[in-house]
Amino acid sequence: ANYENGCNLYSTPDLNFGQTSDLSSPITNSTSISLSCPTNTTWKVGLDNGLNYDGSTRRMKNGTNYIQYALFKSADLSQTWDNTTCSQGTGTSGTQQINIYGRVPAQNNILPAGDYVDTVTVTLTY
């Protein structure tokens with residue numbers, strides 16, 4: 001018999017910061033990733049910096065305009081999340097939820113209205 005120790009990402013939903021007409025105050029929101037790994041399988045989940053990263057900040061884009069944002073592993077927004085600071089855990093053979101917390105800091109510039117988006121790649125290693 002050959003048994004493979006395989007993990008699966010079941011869902012990686014969008015993190016939507018909602019609609020606002022005022023970016024002078026921070027906006028926070030969260031979403032969760034669903035995964036499953038066999039019991040006792042150590043896993044790590046990393047998030048890349050997105051398509052619009054400028055070398056120091058994640059950014060959502062609309063045309064030539066950007067809104068800065070950050071992703072975190074903790075609800076208190078103290079632990080940033082990227083590929084070098086992965087979320088880690090151990091499989092349970094069931095579905096596990098991992099929360100992603102996001103924050104748009106107050107923006108100093110006036111931006112045109114529209115949909116601002118970014119694409120972040122989720123990487124599961126085990």
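The paragraphs below walk through the fold, the disulfide, the largest pocket and a few single residues of this protein.

The model is predicted. It is an all-strand arrangement, with zero helices and eight strands, so that the order of elements from the N terminus on reads β-β-β-β-β-β-β-β. The C-alpha trace spans about 60 × 25 × 25 Å along its principal axes. Of the 126 residues of the protein, 36% count as buried. The exposed surface comes to about 7700 Å², and carbon and sulfur atoms supply 43% of it. Contacts that reach across the sequence are a good way to picture the fold: among contacts with a separation of 6 or more, 77% join residues 24 or more positions apart.

A good place to start is the cysteines. The structure holds one disulfide, formed by C7 and C37, whose sulfur atoms lie 2.0 Å apart. The link is right-handed, with 125° about the S-S bond. This pair ties together distant parts of the chain, 30 residues apart: C7 sits in the segment before strand 1 (8-11), and C37 in the loop between strand 2 and strand 3. Both partners are buried, C7 with a relative accessible area of 9% and C37 with a relative accessible area of 1%. C86 is a further cysteine to look at. The closest cysteine sulfur to that of C86 belongs to C37, but because the two are 13 Å apart, they are too far for a bond. C86 is buried as well, since its relative accessible area is 18%, under the 20% that marks the limit for a buried residue.

The next feature is open space. Rolling a probe the size of a water molecule over the atoms shows where empty space is left. The largest pocket found in this way has a volume of about 980 Å³. Its lining is made up of 37 residues, and those nearest the centre are L15, F17, M60, Y116 and V117. Strand 2, strand 5 (65-72) and strand 7 are the elements that give two or more residues to this lining. Strand 2 gives the most, with four residues. Sorted by class, the lining has 21 nonpolar, twelve polar and four charged residues.

Two of the strands that line the pocket can be explored further through single residues. T31 is found in strand 2 and counts as buried, because its relative accessibility is 13%. Setting aside neighbours within four places in sequence, T31 is in contact with P13, D14 and L15, and also with I98, N99 and I100. One of these partners, L15, was met above among the residues nearest the centre of the largest pocket.

Y69 lies in strand 5 and is buried, with a relative accessible area of 7%. Not counting residues up to four places away in sequence, Y69 touches F17, T57, R58, R59, M60, R103, V104, P105, D118 and V120. Two of the residues on that list, F17 and M60, are also named among those nearest the pocket centre. The C-alpha atoms of Y69 and P26 are separated by 9.6 Å, although the two residues are 43 residues apart along the chain.

M60 appears once more in connection with T119, a residue of the loop between strand 7 and strand 8 (122-125). From C-alpha to C-alpha, T119 and M60 are 8.4 Å apart in space, while 59 residues separate them in sequence. Leaving aside neighbours within four places in sequence, the contacts of T119 are D48, G50 and L51. T119 counts as partly exposed, because its relative accessibility is 45%.

Finally, the backbone has two spots worth a look. Most residues other than glycine have a negative phi. Against that background, N40 has a phi near 70°, a positive value in a residue other than glycine. N40 lies in the loop between strand 2 (27-36) and strand 3 (42-47), the loop that also holds C37 of the disulfide. With 63% relative accessibility, N40 counts as exposed. S93 likewise has a positive phi, near 65°, and is not a glycine. This residue is found in the loop between strand 6 (87-90) and strand 7 (95-104).

Key
Residues are numbered from 1 along each chain as its sequence is written. This is a predicted model: local features need pLDDT of at least 70, side-chain atom pairs count only at pLDDT 80 or more; totals for chains, interfaces and linings use all residues. Side-chain values use heavy atoms; hydrogens and water are left out. Buried means under 20% relative accessible area, exposed over 50%, partly exposed in between (1.4 Å probe, protein chains only). On a 1 Å grid over the protein atoms alone, a cavity is a set of points where a 1.4 Å probe fits but cannot get out, and a pocket is an open set with protein on both sides within 12 Å along at least five of seven lines; lining residues have an atom within 4 Å of a point. Grid points are joined across faces, edges and corners, and a volume is the space filled by probe spheres set on the points. Ala, Val, Leu, Ile, Met, Phe, Trp, Tyr, Cys and Pro count as nonpolar, Asp, Glu, Lys and Arg as charged, and the others, Gly among them, as polar. A disulfide is a pair of cysteine sulfur atoms within 2.5 Å. Contact means heavy atoms within 4.5 Å. Accessible areas come from the Shrake-Rupley method with a 1.4 Å probe; for residues, only the protein chains shown count as cover.
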